[in-house]
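This report goes through a single protein chain, residue by residue and element by element. Please keep the sequence and the 3D view at hand while reading.

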Amino acid sequence: MPKKIFVTGAMGFIGTHWCKKLLGEGFKVYGLDIKKNTIKDKNFKFYKDSVFNYKLLEKLIKNSDYVCHFAGIAEPKKYITNTTQVINLTVKPSFKIVELCEKYRKKLFFTSTSEVYGKSENVPFNENDDRLLGSTSYSRWCYSTAKSLVEHLIIAYGIEKNLNYVIFRLFNVYGPGIKGRVVDNFLDKAIIEKKNIEINGNGEQTRCFLYIDDCIDAFFKIFKSKTTKEIFNVGEN
């Protein structure tokens, strides 16, 4: 019998590609998102609802074999313009999902971010490196802080309650369907608006980019392994 996988943020950029990969590999997938369903597959059961619907979360987690928590806001502009929404969506449902995964003994796969390293110049980043963040008065760091707090809780549950988990820290993933990130902003400026590309800072900074297919391949290799209680940087030096 195919394994049943529950994916939050199923219609997001990462979530959509991940659900298609799982379905292509023969899994049954439960998808949750507030966006319209774009996947048509007999093994895909979609729920158009919010991750704040804790009663539904509990039902789907209980009935699944694995939980992939991908829901979130990963658009840098919104860290500043929608700070409370970013914090609430990142932290509150995640805490409930961690609690329910422990209650029903389900393995949790959580998408975190390279943002947790902040302004660290120790490149390339190691999963155990120190973090260097800006002031809390600068909203830019709300996403990094919120994701880090969820990581802390997951790891604590792993230690104290033997929760099985894997944390993926993503590095600037791009590809079809991406919105509100640096690559599509560059393309919009250069191709659609026919304007010069804007570079923030002095232009000497470096970024790590990862194509979505490579990201999903990495996810799946780890997903299919017996790896647990580990954090993985998913990017490229």
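Which residues does Val150 touch, not counting residues up to four places away in sequence? The contacts are Thr90, Val91, Ser94, Phe95 and Phe110. The model is a predicted one, and Val150 sits in its helix α5, which spans residues 142-161. Val150 counts as buried because its relative accessibility is 0%, and buried means under 20%. One of its contacts, Phe95, is 55 residues away from Val150 in sequence, yet the two C-alpha atoms are 6.9 Å apart in space.

**The chain as a whole**

The chain has 7 helices and 9 strands. Of its 237 residues, 43% are buried. Taking contacts between residues at least 6 apart in sequence, 70% join residues at least 24 apart.

**Strands β1 to β3 and helix α2**

β1 and β2 run parallel and are joined by 5 bridges. Thr8 has Leu32 as its bridge partner in β2. Between β1 and β2 the chain passes through helix α1 (residues 13-24), and this β-α-β crossover is right-handed. β2 also pairs with β3, again in the parallel sense and over 5 bridges. Val29 stands opposite Phe44 of β3. Because 5 of the 6 residues of β2 are buried, the strand is largely enclosed by the rest of the structure.

The loop between β2 and β3 contains Ile34. Is Ile34 buried or exposed? Ile34 counts as exposed, because its relative accessibility is 58% and exposed means over 50%. Outside its neighbours within four places in sequence, Ile34 is in contact with Lys48, Asp49 and Ser50. Lys48 is 14 residues from Ile34 in sequence, with the C-alpha atoms 5.1 Å apart.

In helix α2 (residues 54-62), the residues Leu56, Leu57, Leu60 and Ile61 are buried. Viewed down the axis of α2, its buried residues fall within an arc of 130°, so they line one face of the helix. An α-helix has 3.6 residues a turn, so residues three or four places apart point the same way. What do the buried residues of α2 pack against? Their partners are the strands β1 (4-8), β2 (28-33), β3 (44-48) and β4 (66-69), together with helix α4 (83-103).

**Aromatic pairs and charges over rings**

The structure holds 19 aromatic pairs. Two that involve Tyr66 are listed here.

| Pair | Centre to centre | Between the planes | Geometry |
|---|---|---|---|
| Tyr66 and Phe109 | 6.2 Å | 70° | edge-to-face |
| Tyr66 and Phe223 | 5.3 Å | 70° | edge-to-face |

The pair of Tyr66 and Phe109 links distant parts of the chain: Tyr66 belongs to strand β4 and Phe109 to strand β5 (residues 107-113), 43 residues apart. The pair of Tyr66 and Phe223 also links distant parts, with Phe223 in helix α7 (residues 212-224), 157 residues apart from Tyr66.

How exposed are the three residues of these pairs? Tyr66 counts as partly exposed because its relative accessibility is 24%, which falls between the cut-offs of 20% and 50%. Phe109 is buried, with a relative accessible area of 1%, and Phe223 is buried as well, at 7%. Tyr66, Phe109 and Phe223 are among the members of a cluster linked by ring pairs, which also includes Trp18, Phe27, Phe70, Phe168, Phe219 and Phe220.

Charged side chains lie over ring faces at two places given here. Arg140 lies over the face of Trp141, at 5.8 Å from the ring centre. Lys161 lies over the face of Tyr157, at 5.7 Å from the ring centre.

**Arg169 in strand β6**

Arg169 is placed in strand β6 (residues 165-170). Why does Arg169 count as buried? Its relative accessibility is 7%, and buried means under 20%, so Arg169 falls in the buried class. Leaving out residues up to four places away in sequence, Arg169 touches Ser112, Thr113, Ser114, Val116 and Tyr117, as well as Glu127 and Glu151. The remaining contacts of Arg169 are Ile231, Phe232, Asn233 and Val234.

Note on methods:
Residues are numbered from 1 along each chain as its sequence is written. This is a predicted model: local features need pLDDT of at least 70, side-chain atom pairs count only at pLDDT 80 or more; totals for chains, interfaces and linings use all residues. Side-chain values use heavy atoms; hydrogens and water are left out. Helices (H or I, at least four residues) and strands (E, at least two) are DSSP runs, numbered from the N terminus. Buried means under 20% relative accessible area, exposed over 50%, partly exposed in between (1.4 Å probe, protein chains only). Contact means heavy atoms within 4.5 Å. The arc is that of the directions from the helix axis to the C-beta atoms. Two strands pair if DSSP finds at least two bridges between them. A crossover is right-handed if, with the strands pointing away from the viewer, the path from the first strand over the helix to the second runs clockwise. Rings of Phe, Tyr and Trp (its six-membered ring) pair if their centres lie within 6.5 Å; planes under 30 degrees apart count as stacked, over 60 as edge-to-face and the rest as tilted. A charge sits over a ring if NZ of Lys or CZ of Arg is within 6 Å of the ring centre and within 35 degrees of the ring normal.
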